[in-house]
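Please take a moment with the sequence and the structure shown here, and keep both in view while reading. The explanation is meant to be followed slowly, one element at a time.

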Amino acid sequence: MTAAGTEAEAPPVAPRGRRTAVLLVVAVVAVAAVLYGWTQRSGRPAAEGPEAGFARDMSVHHAQAVQMSFTVRDRTQDKAVRLLAYDIINTQQAQIGMMTAWLDGWDLPKTDPAGPMRWMGHGGHGAGTGTGAGAGAGASVPADGAMPGMATPAQLAGLEKASGRPAETLFLRLMIAHHRGGVAMAEAVLGRTGNAQVKRLARTMVEGQRAEIDLMERMLTERGSPAV
Amino acid sequence: MSTNARSRMPENGPGKPGARKNTPGKGASGKNSPGKNTPAKNASGKNASGKAGARKPAPRKNALTERQTPWGTITFFAVIGLVAAVAIGFAFMQTRSSADAGKIAGLVSKDEPGREHVTTSVKYDATPPMGGNHDPVWQNCGVYGSALRNENAVHSLEHGAVWITYRPDLPKDQVVKLSAKVGATAYTLLSPYPGLDAPIVLSAWGKQVKVQDAGDKRVDEFLRAFVRGPQTPEPGAPCTGGKATA
């Protein structure tokens, strides 16, 4: 009887209570959604997002620059070229360490078996993608998904065989192309992320590698080789 | 009878901790067992009697208080529940998207204490080896058409590489598929390996999984989890600049 009474009396009160409850639930969901979006954006990048893609791909890109620089130091005694190579080795290897530490901190994989450059080529579906297309995407993502500016295995083998002046000029030409690709990738991530840590390193890459491209152009000319 | 039910609670409640839950049954057969009380208890339903009866005896009293369905309480707990659900869901998604090795079916993990550099040949207790003493020169990452020397490849595992090995009779299209994968993925090696007990075996330092087909999703899962993964004894070490031929 009592229970029947409770049930019977409930409906008249319900609309007011229910409205409050629904409003509260909506509020909670909205807050949760905003928090989730915010975390995704600035706190912990997604596995498929531009920050992680950049960290992975730029690590591979940098590793080849380090490799070529070691090679040229073995192939020439020219002080200027050896010093430039020394600089590239240390700078880019340290930056690989920084990007690896990001991925460790984000608890994200160091590789994407689905292939490189997906964050750049396909624009991604993460937050903040809108402005990215103009910045660097035009700067050539090769159709096969390879990273821009990478030397081919044949070019690397050629560098290992060359020595003296030819090794220097080949290295400079390869590294100019490599840096141009690196600048394009760094610009691409600048247009796609709001992550301050990523932006800061990407900016230094754009500026540093642009300056080195100018330097290498001058070094090519000094060695009687046309600038590229 | 409402009064009866109400006054009964304080007696039973503090006296017997267990009594509160069993109010309907106990009440019916206990000291306060007037016949007319039992039907009321039962009528109030199995669910209602436990909660409403124990927590809020008051609403039963009259129409005025009965009207107050505890929307505040309901909303409060609904909100708490929702927040908890969102938090748990969020945490779950976080772990899911991470480099999660826990879900790879058939994954073998093994302690590999040996990390000495030796120029002699090493007897490994796994095929292919997944760690142990090794040659001072690591094998460069990449695709190889013939078998590699264990001692060099194990050194690459120490540097965070994943070594994909396949039985020499693996169909050509599968070898092509694996070659494309390894070609596009830094810190991976691919080579045939005679005598494997599975068509394809993926090895990282102290980690191994065997699959039948190159399209098995565990191939990608293993690469995500272990290429330069947390098992790497020497993080940051290169997979270039070592031995370049099989």
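What follows is a walk through the two chains, beginning with chain A and then turning to the sheet and helices of chain B. The model is a predicted one, and every value given below is computed from it.

Chain A has 8 helices and 0 strands, and along its sequence the pattern accordingly reads α-α-α-α-α-α-α-α. The chain has 228 residues, of which 46% are buried. Among its contacts between residues at least 6 apart in sequence, 78% join residues at least 24 apart.

A good helix to follow in this chain is H8(A), which covers residues 196–222. With 27 residues at 1.5 Å a residue, H8(A) should span 39 Å, and its end C-alpha atoms are indeed 39 Å apart, which agrees. At the start of this helix, a side-chain oxygen of A:Asn195 comes to within 3.0 Å of the backbone nitrogen of A:Gln197, while just after the helix A:Gly224 takes a positive phi of about 70°. The buried residues of H8(A) include A:Val198, A:Leu201, A:Ala202, A:Met205, A:Val206 and A:Gln209, and further along A:Ile213, A:Met216 and A:Leu220. Among the elements that cover these buried residues are helix H2 (50–75), helix H3 (79–106) and helix H7 (164–190) of chain A.

Chain B is built from 9 helices and 6 strands. Of its 246 residues, 40% count as buried, and among its contacts between residues at least 6 apart in sequence, 66% join residues at least 24 apart.

The strands of chain B are best taken together, as an open sheet of 6 strands in the order E1-E6-E5-E3-E4-E2, with mixed pairing. Strand E1 (108–109) and strand E2 of chain B stand at the edges with a single partner strand each, so one side of each is left without a neighbour in the sheet. The mixed character can be followed from pair to pair: E3(B) and E5(B) are antiparallel over 4 bridges, with B:Tyr166 partnered by B:Ile200 in E5(B), whereas E3(B) and E4(B) are parallel over 5 bridges, with B:Thr165 partnered by B:Ser191 in E4(B). E2(B) and E4(B) also run parallel, joined by 2 bridges, and here the bridge partner of B:Val143 is B:Leu190 in E4(B).

How many of the residues of E4(B) are buried? The count is 5 of the 5, so this strand is largely enclosed by the rest of the structure. In a regular strand the side chains alternate between the two faces of the sheet. In E4(B) both faces are covered, with B:Thr188, B:Leu190 and B:Pro192 buried on one side and B:Leu189 and B:Ser191 buried on the other.

The helices that lie against this sheet come next. Helix H7 of chain B (residues 150–158) lies across E3, E4 and E5 of chain B, and runs at about 140° to E3(B). Helix H9 of chain B (residues 217–226) also packs on the sheet, touching E3, E4, E5 and strand E6 (207–211) of chain B, and its direction makes about 170° with that of E6(B).

Within helix H7 of chain B is B:Asn150, which counts as buried at 19% relative accessibility, because the cut-off for buried is under 20%. The side chain of B:Asn150 makes a polar contact of 3.1 Å with that of B:Tyr193. Leaving aside neighbours within four places in sequence, B:Asn150 touches B:Tyr124, B:Pro129 and B:Trp163 as well as B:Tyr193.

Helix H8 of chain B (residues 172–184) has 13 residues, and the 18 Å from its first C-alpha to its last is close to the 18 Å expected. Which of its residues are buried? They are B:Gln174, B:Val175, B:Leu178 and B:Val182, and seen down the axis of H8(B) the buried residues fall within an arc of 100°, so they line one face of the helix. An α-helix has 3.6 residues a turn, so residues three or four places apart point the same way. The buried residues of H8(B) pack against strands E2 (142–143), E3 (162–166), E4 (188–192) and E5 (200–204) of chain B, whereas the face turned away from the buried side carries the exposed residues B:Lys172, B:Asp173, B:Ala180 and B:Gly183.

Conventions:
Residues numbered from 1 in each chain as written. Chains lettered and ligands numbered in written order. Predicted model: local features only at pLDDT ≥ 70, side-chain atom pairs only at ≥ 80, totals over all residues. Heavy atoms only, no water. Expected span 1.5 Å × (residues − 1). Buried < 20%, exposed > 50% of the residue type's maximum accessible area, 1.4 Å probe, protein only. Arc of directions from axis to C-beta. Contact = heavy atoms within 4.5 Å. Pairing = 2+ DSSP bridges. Axes fitted to C-alpha atoms, helices over the stretch in contact; angles between N-to-C directions. Polar contact = N/O pair within 3.5 Å; in protein donor to acceptor, adjacent residues only side chain to side chain.
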